[in-house]
Structure formats: C-alpha cells, structure tokens
Amino acid sequence: MAMAVTMEVGNDGVAVISISNPPLNIINAAMLAALKEKFGEATRRRDVKAIVLTGKGGRFSGGFDINAFQNPSGDTSDRTIESIDLVLNTIEDCKKPVVAAIEGLALGGGLELAMGCHARIAAPKTQLGLPELTLGVIPGLGGTQSLPRLVGVSKAIEMMLFSKPIMSEEGKLLGLIDEIATSEELVRVSRLHALEISDGRKPWVRSLHRTDKIGSLSEAQQLLRTAREQAKRTAPNMPQHLACLDAVEEGLLHGGYKGLLKEAAVSKELVQSNTTKALTHLFFAQRATAKVPNITDVGLKPNHVKKVGIIGGGIMGSGIATSLMLSNITVFLKEINSEYLLKGMKTVEANIQSLVARGKVTQDKARKALSMLEGVSDYSEFKEMDMVIEAVIEDIPLKQEIFSELEKVCSSCCILATNTSSIDLNVIGEKTKSPDRIIGAHFFSPAHIMPLLEIIRTEKTSPQVILDLLTVGKIMKKVPIVVLNCTGFAVNRSFFPYMQIPHLLVHLGVDLFRIDRAIRNFGFPLGPFQLQDLGGFRLGKASGKEYENAFPDRTFGSPLTELLLKNGRNGKSNGKGFYVHEKGSKPKPDPSVLPIIDESRKLMNIMPGGK
C-alpha cells in the first residue's frame, strides 16, 4: 500500500484514521497535512463521536522522515510549528476524544503524535521512544513537553538524552500507556475507550495540561542541572543535549505552550547545524554499507560460518575471538606454544568478564560464550574450519608462511582472512594458489567493543567469500565496510596523514602533550600520541615502513618511534610510551620522554633557524 492517510467511520460513531507509508509508516510534510485534513473532517462530521489514530501494517509510526534533515530548507522548516498546529490545536484540543492505537513501534514523531492523543492503547512488546538526539535534533512535535508530563522529568530525560526506547509494558507502569491489548483486539479496545471518554466514563486527559507527574519545581530543576553537567562531560561538542534540556525547562517554568514555542525555535536552529548534517550523513552511510554492488544484489546466498580458527592470541586475536564467541560462533585459537596460548585464553576470559561487570553481557551468555572456545597448538583441527583469521604481528614473511600452510591444511572452501591493518593482500597471498579465498578482515582494537570491520577485497577475491564475511560481520553486530586493496586500505590510508602531521609538528618544536590536549578538546576520546601508545611502537614502526615503501614522496620519515623503542619503550603494553601507564590509573604525560624528543629533533633538524 502506498503512502496515505485514510479514514473509515464505523456504525459505532468512531472514525479510525490510519497512517500508511510502509514499512515503518514514516511521516513527512504531506502526511502531516493529510492528517490535519482528516481530523478536520472527523471533527465536522455529525456521525463521528470519537476518533482512533493508528498505523497500517502492524506499526504505528517510526517517526519523521530523516531525509528532510538533509534538505532543511524544504520539508522541516514547516514542521517546526506543527507541534502547535497539528499536535496541540488539531489533536489535543480536538472537540472529540482521540485515542492512539499503537502497535510495533511508535518512535520520534510517531510517539509525539500518540502523546497528543487523549489516551494510548498499545499492543504487547511495542517499542516507544524519542531517539531524535542521535541525529543531532530534538523532538520537534511537542515531545519535550508531553513526555515529562506523562512519565515524569527523570524518566523523560533518560529516554530523550540517551535515546533509550522502552517497551509498552514499562510504558503502562509509567503511565505513558493507558491499556495493553492484543494486536487482534487493539483497534476494538481503542474504539471502546474513545467512546467511554465521549460518554464521560473515562477521563478526557490533555497531556500538556497535566502537572501531576512533574513533582516540585526545585526537584525538577535539580534533575535538569545534573543532566546538563553529565551532557557537558559526555557530549561536550553536541548542542542538541543542552538544547533539549532548555526546551524541557522552559515548559516547566512557563507552561506547555511556551515550551512548544521554545522547542520549535530550537528545532529550527538545530536542523541547520553541522552536527545534524554530520549525524544524518552517518545514519544513512552506516545503512548503505550493507549494500555492495555485484555482491549483495546478484542473488547469492551466504554460507553458514559455524567454526572459525584464529591464529595469534594477542590483543587483536583474543578480541576477535571474544566477539565471535559472543555471536555464537565456535572459535579455535592457535598459538605457537602453551604459554602464549594460555595467555590468549585468559585475555578472552578477561574480555568477557569485563563486559559482564559493565552490564553489557549476562552471566548466562558469558558462560555460553566461554564454552565456544578451544585452544590449539597445531593445525590438526583446521580442516574442519569454515573460516580462518590470521592475527599475528605485521611481518610479511611470517604471514606468507602462515597462508601457504593454511592452504595445505584447510578445506578448499575455507575462507582465508587476514587482520592486517595495512599490508597489501596480494603480497600476503603471493605464495598461495587460491587468491579467490583470500580476504582482509581488519578489526579495530579492542575488537570485541569497536563496531567497525574493514573488509578488503582483491581483484581475485570471490563474491561469495565477500558476502560470507559481510554476513559474519552483521552477526557480530559490526558495521562492515567493503574496500579495495592497496597499502593501508581505506581506514589507515586516511588515518596515516593524521598520525604523520603530529610528528611533523613535534619536530617543528610543538609540545606533543599540547597536541593531544587540542585533539581531545576538539572531541576525540584521545590524542594521536596517546593513541600511538595504545597501538604500540612496534606496530607503528612496521606500518610506517609499509607506507614509506608504497608512498615515498608522501611520508614524513620521523626517527622518533625507532628512538623510543631503543629506549625500551613500547607504549601501553610495557607501561612506558609518551605516557606512563599504570594499572588502575589514567595515563600520565611522561616528562622523561622529552630528551628523546630533543634527540629526534636534532636528527631531523627541520626547525626554522633551530627555533
């Protein structure tokens, strides 16, 4: 069924107005206009006593059309005062009672429409939420005013600031939902409820007039103060968090109508902001990664990957193992000796326990995941593998030897993947006879937490192998991007200049800790030098060589990494880098690194006039 707003009037005198825009019943400006028209008609008609607002196809509405944010001059400039025109004047102040019949989901603008109604009936397990802040905007159809009045200030702040949806069952406990009815009974129960309001047997409640959930003003302001402090800490460069709290506060201090005006003004401003443009781009870009021309659109079916061998139990290998195990995939972890193997297995256990401690994984799931791990010290089990991921140090001869070995011991349909971060795949596979099975699976550290997965294809990698790895990536809840093969691929090739420039600046006399501070203030979690500590200097040196060979005219050959290694420093892994890393405390700038930097500056000698 195409995009439409329809109305049917029953013999009981209830007009059922339905939103239809499959699959999620997304609302746009044209549909808002159609809603106004249908409400107008229902209000005028004498045979209509009450109204039910619902969505077709088992969903109420997934919210306002995000595409409009990418073209703010058009669709959204009209939307901003819809909170008053449609939600307040047309729905909430309607002369006839309006009940929302909600099923599947009511998110963003969808939930805001429902909150404008005089009651809400929901099917079980219906998702309710206002996730607008993830896109850099705030709820713009009255949500900043109605949600605190329906669920209380504290819960409303949590739902908006963290974009945390709730289920209809919790909604009923909070008072956001009036009744729960099965999908089959939903519209019937909603019609009855609407007629009972009309007959005066059920209360006629306007959300914006309610104050019973708000509590004392001083308490509400304290909650807002705490939320503001938290937002400044966790999202210092995101304007939408504070803007949302401002709109909530305006309504608490001066009433719902003033709050709507504030919400409208702030929404209009935010829609034009760089934050919204960037976050909206990201939203669409992440979804676009699932579609790869000539791979996902040619009718191929993915093979089921049940068993994966991992070679190397270091930080990367153990992180990848953790992520696979939590996704219900059996892992065989191979190391060169029992001491390294034990260390790798312990790291996997520690990874999973840290996720349990942070409430990300239940004890049951952790137990099940740990049962999916087997440690091995040779290749005898590898003939059973569906995929093998090599995660050893960036050493070309070593990787070539491993791939030659894998070709002999694995079945002919086993995928041969490498977690290299920058070495050309044709070089790694040059001693094998099956280039169609070789693919890059570049995870990011810590691999069990970071969502990005860079999939690297050569000219010879088969479409089936790419599709299978894409599918595994999705099962692991990663965002997989498929890129072509060259030194550094896409991520590190764009990242390499970002690491080069700080080294250039340091050799021109800039304080390295000042550079890190500037980048942190800009909004990154850590600066480039602290990041280099995290990756380790050996890795930095190895990948640096790759770039020097591949792009000699575009690299700044800094001797600093080499000097730090000679000084016995390898970053976080041995506790000494640009920073001092002690267990249980934050990294601290290490002043004893300054003489090494001076030595490096003398060697490079590029400071103008030595200054």
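## Lys 202 and its surroundings

Lys 202 sits in the loop between helix H8 (186-198) and helix H9 (217-234), in a model that is predicted. Its relative accessibility is 27%, so Lys 202 counts as partly exposed, given that buried means under 20% and exposed means over 50%. When neighbours within four places in sequence are left aside, the residues in contact with Lys 202 are Glu 179, His 193, Glu 196 and Ile 197.

A long-range separation can also be given for this position: Lys 202 and Tyr 340 are 138 residues apart in sequence, and their C-alpha atoms lie 70 Å apart in space.

## The chain as a whole

The chain has 611 residues, of which 51% count as buried, and its secondary structure comprises 24 helices and 19 strands. Along its principal axes, the C-alpha trace spans about 85 × 60 × 45 Å. Among contacts in the chain with a separation of 6 or more, 71% are accounted for by residues 24 or more positions apart.

About 28200 Å² of the chain is exposed, and carbon and sulfur atoms supply 55% of that area. The chain carries 74 positive and 65 negative charges, and the mean positions of these two sets are 2 Å apart.

## Strand E4 and its partners

Strand E4 (residues 98-102) is largely enclosed by the rest of the structure, because five of its five residues are buried. Val 98, Ala 100 and Ile 102 point one way from E4, while Val 99 and Ala 101 point the other way, and all of these side chains belong to buried residues.

Strands of a sheet pair through backbone hydrogen bonds, in either a parallel or an antiparallel sense. Strand E3 (residues 50-55) pairs with E4 in the parallel sense over four bridges, and within this pairing Leu 53 stands opposite Ala 100 of E4. E4 is also joined by four bridges to strand E6 (residues 119-122), again with the two strands running parallel, and here Val 99 has Ala 119 of E6 as its bridge partner.

## The sheet E5-E7-E8

Three strands, in the order E5-E7-E8, form an open sheet whose pairing is mixed. Strand E5 (105-107) and strand E8 (166-167) stand at the edges with a single partner strand each, so one side of each is left without a neighbour in the sheet.

E5 pairs with strand E7 (residues 127-129) in the parallel sense over three bridges, and Leu 105 stands opposite Gln 127 in E7. Helix H4 (residues 109-116) lies across both E5 and E7, and the helix runs at about 95° to E5.

## Leu 406 in helix H16

Which side chains surround a buried position in a helix can be followed at Leu 406, which is found in helix H16 (residues 396-409) and, at 0% relative accessibility, counts as buried. Not counting residues up to four places away in sequence, Leu 406 touches Ile 311, Tyr 379, Phe 382, Val 388 and Leu 416. The C-alpha atoms of Leu 406 and Glu 390, which are 16 residues apart along the chain, are separated by 9.8 Å.

Technical notes. Residues are numbered from 1 along each chain as its sequence is written. This is a predicted model: local features need pLDDT of at least 70, side-chain atom pairs count only at pLDDT 80 or more; totals for chains, interfaces and linings use all residues. Side-chain values use heavy atoms; hydrogens and water are left out. Buried means under 20% relative accessible area, exposed over 50%, partly exposed in between (1.4 Å probe, protein chains only). Contact means heavy atoms within 4.5 Å. Accessible areas come from the Shrake-Rupley method with a 1.4 Å probe; for residues, only the protein chains shown count as cover. Lys and Arg count as positive and Asp and Glu as negative; His and the chain ends are not counted. The place of a charge is taken as NZ of Lys, CZ of Arg, CG of Asp or CD of Glu. Two strands pair if DSSP finds at least two bridges between them. Axes are lines fitted to C-alpha atoms, for helices over the stretch in contact, and angles run from 0 to 180 degrees between N-to-C directions.
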